[in-house]
Structures are given as C-alpha cells and as structure tokens.
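Please walk me through this structure in running prose, from particular contacts to the chain as a whole.

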Amino acid sequence: MSTLNNTFKGEPWYGISVMKKLETIDWKVVGTPPEGYSKSIAVMVKHMVNWRVFVLNKLRGEPDFDIEIDSDQDWPLIKIANESEWDGLIMELQTTQKELVAILRQINDDFLKRKVPGRKYNFEYLVKGIIEHDIYHLGQIAIIHAIVKKI
C-alpha cells in the first residue's frame, strides 16, 4: 500500500509522484496532444481513472466488468474546455485512489493470492499492475507536458 500511495502523492525514489506532476500542469495545455502524438494529457489521466475503476470492480468481485484494449472505454475521447473540467478530472483520479486505498486496507494477504474474477492472475499482480501503470503513464504525461509547455 505504501508504494501505491508513494507513487500517487508521495515521494517515490524515481522522482515526482502522479499528483505532484499533475499539480504543475496548466489546464490550458491538457486537452490537445502535441503534434505527432495521438493522446493528450487529459486522455492519459482519464485512461488512468478508467483502469483504476477496472481494479476497483475486480476487487469488489465483479467478474463481468471489463475494458476492451484500445476501445473508447480504454482511451476515452475527453475535451477539457476550462479549469473546472480539469479540476473535475483530477478529482475523479483522486477519488478512485481513495477508494482503492480504502478497499486495500480491508483485505489481507490471503485475499491478494486469490485469482481475479474473469482473469488468469491474482489480486497481488493486479495491484502491482496499477502501480506500474501509473508510473508508465506518468512518464508519458511528463514528456507531453515538456513539449506542450514550449508551444
């Protein structure tokens, strides 16, 4: 759990956390991908939210909940027209993080060894996966942000 929290809002060993990075980004640059890129920062963040929702559903025992890779549910088209919309998206991300932490506090190591409904892996693999997913997309967000700041 500490790795999940550190990656999200703490001080991870590799540098800046998800929330600390997102707090540095002006809402005016999140909605449009830079030239040569297919995804905006807002799309990346919504993608991260959606996969957190996937993990939450699996932790709650929903065998039928799924996200089809490369679908609109995986990579939703999202437009950010104002600061309030950006703040709302950030709030969604924070809410799913809080829900994840709350659920994980209630389960034990034996639960983590159980198979995820509808999958071939266990909950420990799933939870480690969402942490790795955050780190992966945090790197992409940082690159896109560095590009759009100069535009």
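## A charge over a ring

In this predicted model, the charged end of Lys-39 sits over the ring of Trp-75, at 4.6 Å from the centre of that ring. This is one place to begin looking at the aromatic side chains, and the pairs that rings form with one another come next.

A search through the whole structure turns up five aromatic pairs. One of them is formed by Phe-54 and Phe-65, whose rings are tilted with respect to each other, with 6.4 Å from centre to centre and 45 degrees between the planes. Phe-54 belongs to helix α3, which covers residues 41-59, while Phe-65 belongs to the loop between α3 and α4 (83-106), so the pair ties together parts that are 11 residues apart in sequence. The tilted label follows because planes under 30 degrees apart would count as stacked and planes over 60 as edge-to-face, and the angle here is 45 degrees. The two partners also differ in how they meet the surroundings: Phe-54, at 2% relative accessibility, counts as buried, whereas Phe-65, at 21%, counts as partly exposed. Ring pairs also bring in Trp-51, so that Trp-51, Phe-54 and Phe-65 are linked into a cluster.

What does Phe-65 touch, not counting residues up to four places away in sequence? Its contacts are Val-53, Phe-54, Asn-57, Lys-58 and Gln-73. By contrast, Asn-5, which is 60 residues from Phe-65 in sequence, is 25 Å from Phe-65 in space, C-alpha to C-alpha. Among the residues that Phe-65 touches, Asn-57 can be followed a little further: Asn-57 is found in helix α3 and counts as buried at 16% relative accessibility. Once its neighbours within four places in sequence are left aside, Asn-57 is in contact with Glu-62 as well as with Phe-65.

Trp-51, a member of the ring cluster, also leads to a histidine in another helix. His-133 lies in helix α6 and is buried, with a relative accessible area of 17%. With neighbours within four places in sequence set aside, His-133 is in contact with His-47, Met-48 and Trp-51. The side chains of His-133 and His-47 are, in addition, joined by a polar contact of 2.9 Å.

From these contacts the reader can turn to the nonpolar interior. The largest nonpolar core has 24 residues, and those with the most contacts inside it are Leu-22, Ile-41, Val-45, Trp-86, Leu-89, Leu-93 and Ile-141. Four helices, namely α2 (18-22), α3, α4 and α6 (123-150), each supply at least two residues of this core, and the largest share, seven residues, comes from α3. A second core, separate from this one, has 19 residues and includes Leu-56, Leu-59, Val-127 and Ile-130.

Trp-86 is one of the residues with the most contacts inside the largest core, and its partners can be listed. Apart from its neighbours within four places in sequence, Trp-86 is in contact with Leu-22, Ile-25, Trp-27, Val-30, Ile-41, Ala-42, Val-45 and Ile-80. Leu-22 also serves to show how parts that are far apart in sequence are placed in space: Ala-142 and Leu-22 are 120 residues apart along the chain, yet 9.0 Å apart from C-alpha to C-alpha. Ala-142 has its place in helix α6 and is partly exposed, with a relative accessible area of 30%.

The view can now widen to the whole protein chain, which has six helices and zero strands, so that its elements, read from the N terminus on, run α-α-α-α-α-α. The radius of gyration is 16 Å, close to the 15 Å that the globule rule gives for 151 residues, and the chain is therefore as compact as a globular protein of that length. Along its principal axes, the C-alpha trace spans about 50 × 35 × 25 Å. Buried residues make up 45% of the 151 residues. Of the contacts between residues at least 6 apart in sequence, 69% join residues at least 24 apart.

Methods: Residues numbered from 1 in each chain as written. Predicted model: local features only at pLDDT ≥ 70, side-chain atom pairs only at ≥ 80, totals over all residues. Heavy atoms only, no water. Phe/Tyr/Trp six-rings, centres within 6.5 Å; stacked < 30°, edge-to-face > 60°. Buried < 20%, exposed > 50% of the residue type's maximum accessible area, 1.4 Å probe, protein only. Lys NZ or Arg CZ within 6 Å of the ring centre and 35° of its normal. Core = buried A, V, L, I, M, F, W, Y, C linked by side-chain atoms within 4.5 Å. Contact = heavy atoms within 4.5 Å. Polar contact = N/O pair within 3.5 Å; in protein donor to acceptor, adjacent residues only side chain to side chain. Rg over C-alpha atoms; globule rule 2.2 N^0.38 Å.
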